[in-house]
Amino acid sequence: MITVILPTHNPSPPILARTLAALARQTPESAGQIILVDNASDPPVNAEEWSSALPGLEVVRETRPGLSRARAAGIAAASGELIVFVDDDNVLEPDYLGRVREIFSVHPEIGAAGGKIQPEFARPPARWAQSHFGLLATRDYGASTLISAHRGGVVESYDSFAPIGAGMAIRTALGRAYIEFLESAPRALIGREGTALGACEDCELIMCVLHAGFQIAYSPELRLTHLIPARRLCLGYLARIAYHGSVSWSQFRVRYGFALPIPAWTVGPRALRAFFSHRAWTPAGDIRWRGACGHFAGLSMR
């Protein structure tokens, strides 16, 4: 059985309704446990309202904010052998869960998998924003299945096609190992928390999978649509997520030996040079510059 874990914090009712409707359309033989984790929403999510939209929906409350904490609460309540993480703005294709079952059945070496994430914009994005769609959890690595080649739990590099949280499928046993990691690692990356736009909690989850000796995969057969509201297409939001995401990514890379730290005193001069090299006075350049500043800041943190 597959357990779907859907964390949400102050969800948009129309968007969440589309997410749940897509889960209701999954092929019957793939239907399993669906857990909605209310992550400190104010007001709390009305369990009866959404249970009527998707019969059998279980609602778990996690009062501590943070995406990783919400996922951990869902994992603790999971009864399936496989878990699929679904964000509250994701619309899965009707065969998504069935495809997950097939992939893990055919490839016992795979511990986690993800696929194509296509955007659906609430309004057409500006031309300058089009080169930054990667900041909005969209991805397409082509029509071929990609599987990592790490051996014996040794991870010398991080695969660009590694799954991200939206639509990630993982073996439940590995999810429980991740919970143990969160409980034992005081500096674990807990991801989005309130208005903070940190990231890379997905990367730490993937590292747990790889260190356990499993592989990760990208499958083009796993397809979902990411519903992107207009507010996430404005310059301010993209600049913020570029900065915070780069801070987290650089922290992650240093923590796991994929990058070397830099002295804190060099952050300012590096940022000044980047201001001109990225042409930060233009919209697209400003986003690139904010990302560079986050990169330098993350590399300097201990």
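These are legends for several close-up views of a predicted model.

**View 1. Histidine 132 in its loop.**
Start with the stretch between strand S6 (110–121) and strand S7 (146–147): histidine 132 is found in the loop that joins them. Is histidine 132 buried or exposed? With a relative accessibility of 9%, histidine 132 counts as buried. Its neighbours from further off in the sequence are Ala284, Ile287 and Arg288, leaving aside residues up to four places away. One polar detail to look for is the histidine 132 side chain reaching the backbone oxygen of alanine 284, at 3.5 Å.

**View 2. A nonpolar patch on the surface.**
Three residues, Leu272, Phe276 and Trp281, make up a nonpolar surface patch of about 380 Å². Leucine 272 sits in helix H8 (residues 267–277). At 54% relative accessibility, leucine 272 counts as exposed.

**View 3. Arginine 99 and glutamate 221.**
Here the side chains of arginine 99 and glutamate 221 form a salt bridge, with 3.7 Å from N to O. Arginine 99 belongs to helix H4 (residues 96–106) and glutamate 221 to strand S9 (residues 215–228), so this pair ties together parts that lie 122 residues apart in sequence. How do the two partners fare for accessibility? Arginine 99 is partly exposed at 26% relative accessibility, and glutamate 221 is partly exposed too, with a relative accessible area of 37%.

**View 4. Lysine 116 and aspartate 140.**
Another salt bridge brings together the side chains of lysine 116 and aspartate 140, at 3.8 Å from N to O. This one links distant parts of the chain: lysine 116 is in strand S6, while aspartate 140 is in the loop between S6 and S7, 24 residues apart. Aspartate 140 counts as partly exposed, at 45% relative accessibility.

**View 5. Glutamate 204 and arginine 255, with a word on the network.**
Glutamate 204 and arginine 255 form a salt bridge whose closest N and O atoms are 2.9 Å apart. The pair links distant parts of the chain, with glutamate 204 in helix H6 (residues 201–211) and arginine 255 in helix H7 (residues 235–255), 51 residues apart. Which side of the accessibility scale does glutamate 204 fall on, buried or exposed? Glutamate 204 is buried, with a relative accessible area of 1%, whereas arginine 255 is partly exposed at 28%. Elsewhere, salt bridges that share partners join Glu93, Asp95, Arg99, Glu102, Glu221 and Arg223 into one network. The salt-bridge count for the model comes to 13.

**View 6. Cysteines without a partner.**
How many disulfides does the model have? The count is zero. Take cysteine 208: the closest cysteine sulfur belongs to cysteine 203 and is 12 Å away, too far for a bond. Cysteine 208 itself counts as buried, at 15% relative accessibility. For cysteine 234, the closest cysteine sulfur is that of cysteine 293, at 18 Å, which is again too far for a bond. Cysteine 234 is partly exposed, with a relative accessible area of 33%.

**View 7. Aspartate 286 in helix H9.**
Aspartate 286 lies in helix H9 (residues 283–300). It is buried, with a relative accessible area of 11%. Which residues does aspartate 286 touch, not counting those up to four places away in sequence? They are Leu235, Ala239, Arg279 and Ala280. For a backbone view of the same spot, look at aspartate 286 and glycine 236: they are 50 residues apart in sequence and 9.7 Å apart in space, C-alpha to C-alpha.

**View 8. Helix H3 and what covers it.**
Why is helix H3 (residues 67–77) described as largely enclosed by the rest of the structure? Because eight of its eleven residues are buried. The buried residues of H3 are Leu67, Ser68, Ala70, Arg71, Ala72, Ala73, Gly74 and Ile75. Their cover includes four strands, S1 (2–8), S2 (33–39), S3 (58–62) and S4 (82–85), along with helix H5 (172–184) and H6.

Technical notes: Residues numbered from 1 in each chain as written. Predicted model: local features only at pLDDT ≥ 70, side-chain atom pairs only at ≥ 80, totals over all residues. Heavy atoms only, no water. Helix = DSSP H or I, 4+ residues; strand = E, 2+ residues; numbered from the N terminus. Buried < 20%, exposed > 50% of the residue type's maximum accessible area, 1.4 Å probe, protein only. Polar contact = N/O pair within 3.5 Å; in protein donor to acceptor, adjacent residues only side chain to side chain. Contact = heavy atoms within 4.5 Å. Patch = residues over 30% accessible without salt bridge, like charges linked within 9 Å, V, L, I, M, F, W, Y side chains within 5 Å. Areas by Shrake-Rupley, 256 points an atom, 1.4 Å probe, with all protein chains shown as cover. Salt bridge = Lys/Arg side-chain N within 4 Å of Asp/Glu carboxyl O. Disulfide = S-S within 2.5 Å.
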